[in-house]
Amino acid sequence: MLQLFEDTAKTRALDWAVWDESFEYLRSPNRAYEDANLNLSSMRNIEISAMSLVRFDGSLGKTIFFDLQSGEPDLAAASRFEQKVSNPRFAAIMRSAEVKTGFMRVGDRVLVVAGAQVLRSDETGTPQGYLVMGKILSDADIAEALQLPAHIAPYGATDVPTVTRSAGRVSIVERIGGFGGEPVAAVRFSVPRSLHQEGRNLLWLTVGGVALLLTAMILLLNWRLRDVLIRPVAAFQAHVSHITASGDLEHFADAGRGDELGALYREFNRMTDELESLRAKVEAQSFAIGKNESATDIMHNVRNAISPVQAILGKLDQRLRFPAEEKVERALQELAEPASPERQTNLVAFVKAAMEKLQADLTQHRSDVREALRSVGHVDEAITAVRATDRSLVEAPASCDLTPVIGSSSAIARHSHDADVNVEFTAHERFRIAMPRVLLAQIIDNLLTNAVEAIAATGRGHGEIGIDAVGDPGDPEKFVRVTIRDDGDGFARGKAAHLFERGQSGRNKHRGGIGLHWCANTLNAYGGSITLESDGPGCGSRAVVRLPLASVEAASCDEAIGADAA
């Protein structure tokens, strides 16, 4: 009840406080504002008895107080009202709150009071002060609000909120709190005991009726939800689960429903017809697609295996010439003719040195030829290992030693035409990988080919590739982690995932985009994985390969295993 009076006063105070004219008045007091607004007519219109405009610094205090019944100004009451609303304690309350309500005693009158900081109409500006409105609270006001006889009395020491029951009535005392929370008066009223009890009975009857009504509505709603929504959706979900498990695309019986679920069922049935048609087309095309992709994968891996052979044969073509052939022939001719002992000694030494150089070149040529033969063997394995006519056949499980595979594959980098590449391989254990050797070799070949191309793309003409193999930190008993690092041109950080997509290439070349796609799929089939990393263009790159272990040989290497080439 009392809150209703406070809310009304608060609304009226805000109407006047948040107003351009009030804001400007506090900044620069003027007679026009006072004549237009601070008068009896304005107070009667808003049913307010007292109003005061106060600056925070105390330099202005303008207050009016009217007896609305007689229409006469009450100067004494205005003075007392202004003293209360302009004292430092009240000003501190208003400085900390944009709006504040409460009750105040002025002489023998009790006022409901609302104060608000004065702002512009758009609620901007720094408030210079505040506006306070007060309305005299009478017994008639309380009685009208309660619809019961009531009166306001001074607050006494024994007056606390109480309810006293007698034989025929219930007497109630309610405290009226001051603007700062202090008591200023008390409201006293009483109701017939029978009326009070009837009110309580009516309250409980209303609560019980509402509770029963809500319970009935919830039960009805629950039944309708189960019948109309939950059971049909559960049946549809079971049908979809059956299709998922069996793979048979079957229609769902919609029972001719005309609602949204019926539309969903019909759309689902139409979709199953389209999927059945598409599945038939896909099955008809899958064999041809499988053959084409298999042939493409084989040719890509064969190209990688042949690259070292081409490089070795090119070097042999350049080296298979005896650079001092004419000088040796001339030296032999001179040895056949008489000459001084010193000259003969020099000629013999020259011929001997030439033959030693020839022997060293032949030794290197034999090593290169053996390397070429091993690469040709990789080609043969790549062709015979993949059964292009039937990809559904699964070969028997196989395993291989990681170290020789990496050593053989390093020939791709060492014999590159594009750059002079040095390869370093480090492993402190010998790992046996649960994969066929030919597939593992093809994966390493692909990665080393990409590393060489990245180095060549820098234009330096030389580079470094580092390979290390360690037990996988996440599961060293089951996996080995092989990291291949190069100092090539690298790539943007966000591009790594896209490089595994079919048709994507890190070199922006017309061919390619198959190797990494094939490597990722093959590793995934054997439980491994591959990720690519780079710190950005020009910062090199890293290929991190996670390989499944068949077993780990206990022998450890005291020194790193190196494979270096000029």
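Me: Which exposed residues are carried by the face of helix 15 turned away from its buried side?
Reply: The model is a predicted one. Helix 15 (residues 515-525) has Gly-515, Leu-516, Trp-518, Cys-519, Thr-522 and Leu-523 as its buried residues. These buried residues cover an arc of only 160° around the axis, and therefore lie on the same side of helix 15. The face turned away from that side carries the exposed residues Asn-524 and Ala-525.

Me: Which residue with a positive phi follows helix 15?
Reply: Beyond helix 15 the chain takes up a phi near 85°. The residue with this positive value is Gly-527.

Me: What distance separates the end C-alpha atoms of helix 1, and what span should its 16 residues have?
Reply: Helix 1 covers residues 2-17. At 1.5 Å a residue, its 16 residues should span 22 Å. The distance between the end C-alpha atoms agrees with that expectation, so both values are 22 Å.

Me: How wide is the arc that the buried residues of helix 1 cover around the axis?
Reply: The buried residues of helix 1 are Leu-2, Phe-5, Glu-6, Ala-9, Ala-13, Trp-16 and Ala-17. Their arc is narrow enough to put them on the same side of helix 1, because it comes to only 95°.

Me: Which exposed residues sit on the face of helix 1 turned away from its buried side?
Reply: Residues three or four places apart in an α-helix point the same way, because there are 3.6 residues a turn. In helix 1, the buried side includes Phe-5, Ala-9 and Ala-13. The face turned away from the buried side carries Leu-4 and Asp-15.

Me: What share of the residues of the chain counts as buried?
Reply: The secondary structure comprises 15 helices and 17 strands. The accessible surface of the chain comes to about 31700 Å², with 55% of it belonging to carbon and sulfur atoms. Of the 566 residues, the share that counts as buried is 37%.

Me: Which helix gives the most residues to the largest nonpolar core?
Reply: The largest nonpolar core has 44 residues, of which Leu-402, Ile-433, Ile-465, Ile-467, Val-482, Ile-484 and Leu-547 touch the most other members. Eleven residues come from the leading contributor, which spans residues 437-456 and is helix 14.

Me: How many residues make up the second, separate core?
Reply: In the largest core, Leu-547 has contacts that include Leu-402, Ile-433, Val-482 and Leu-523. The second core is separate, and among its members are Ala-9, Leu-38, Ile-48 and Ala-150. Its size is 41 residues.

Me: What is the angle between the planes of Trp-19 and Tyr-33?
Reply: The chain has six aromatic pairs. Trp-19 and Tyr-33 form one that is tilted, with 6.0 Å from centre to centre and an angle between the planes of 50°.

Me: Is Tyr-33 buried or exposed?
Reply: Trp-19 lies in the loop between helix 1 and helix 2 (20-27), and Tyr-33 lies in helix 3 (residues 31-37), 14 residues apart. At 24% relative accessibility, Trp-19 counts as partly exposed. Tyr-33 has a relative accessible area of 3%, which is under the 20% cut-off. Tyr-33 is therefore buried.

Me: How many residues apart in sequence are the parts that the pair of Phe-56 and Tyr-130 ties together?
Reply: Phe-56 and Tyr-130 form a tilted aromatic pair, 5.6 Å centre to centre with 45° between the planes. Phe-56 lies in the loop between strand 1 (50-55) and strand 2 (61-67), whereas Tyr-130 lies in strand 6 (residues 129-136). Both residues are buried. The parts tied together are 74 residues apart.

Me: How far apart in space are Gly-129 and Leu-26, C-alpha to C-alpha?
Reply: Gly-129 lies in strand 6, and at 0% relative accessibility it counts as buried. Leu-26 is one of the residues that Gly-129 touches, together with others including Val-54 and Phe-56. Gly-129 and Leu-26 are 103 residues apart in sequence, while their C-alpha separation is 6.9 Å.

Me: What is the phi of Glu-123?
Reply: Most residues other than glycine have a negative phi. Glu-123 is found in the loop between strand 5 (109-117) and strand 6. It is exposed, with a relative accessible area of 60%. Its phi is positive, near 65°.

Note on methods: Residues are numbered from 1 along each chain as its sequence is written. This is a predicted model: local features need pLDDT of at least 70, side-chain atom pairs count only at pLDDT 80 or more; totals for chains, interfaces and linings use all residues. Side-chain values use heavy atoms; hydrogens and water are left out. Helices (H or I, at least four residues) and strands (E, at least two) are DSSP runs, numbered from the N terminus. The expected span of a helix is 1.5 Å times one less than its number of residues. Buried means under 20% relative accessible area, exposed over 50%, partly exposed in between (1.4 Å probe, protein chains only). The arc is that of the directions from the helix axis to the C-beta atoms. Accessible areas come from the Shrake-Rupley method with a 1.4 Å probe; for residues, only the protein chains shown count as cover. A nonpolar core is a set of buried Ala, Val, Leu, Ile, Met, Phe, Trp, Tyr and Cys residues joined through side-chain atoms within 4.5 Å. Contact means heavy atoms within 4.5 Å. Rings of Phe, Tyr and Trp (its six-membered ring) pair if their centres lie within 6.5 Å; planes under 30 degrees apart count as stacked, over 60 as edge-to-face and the rest as tilted.
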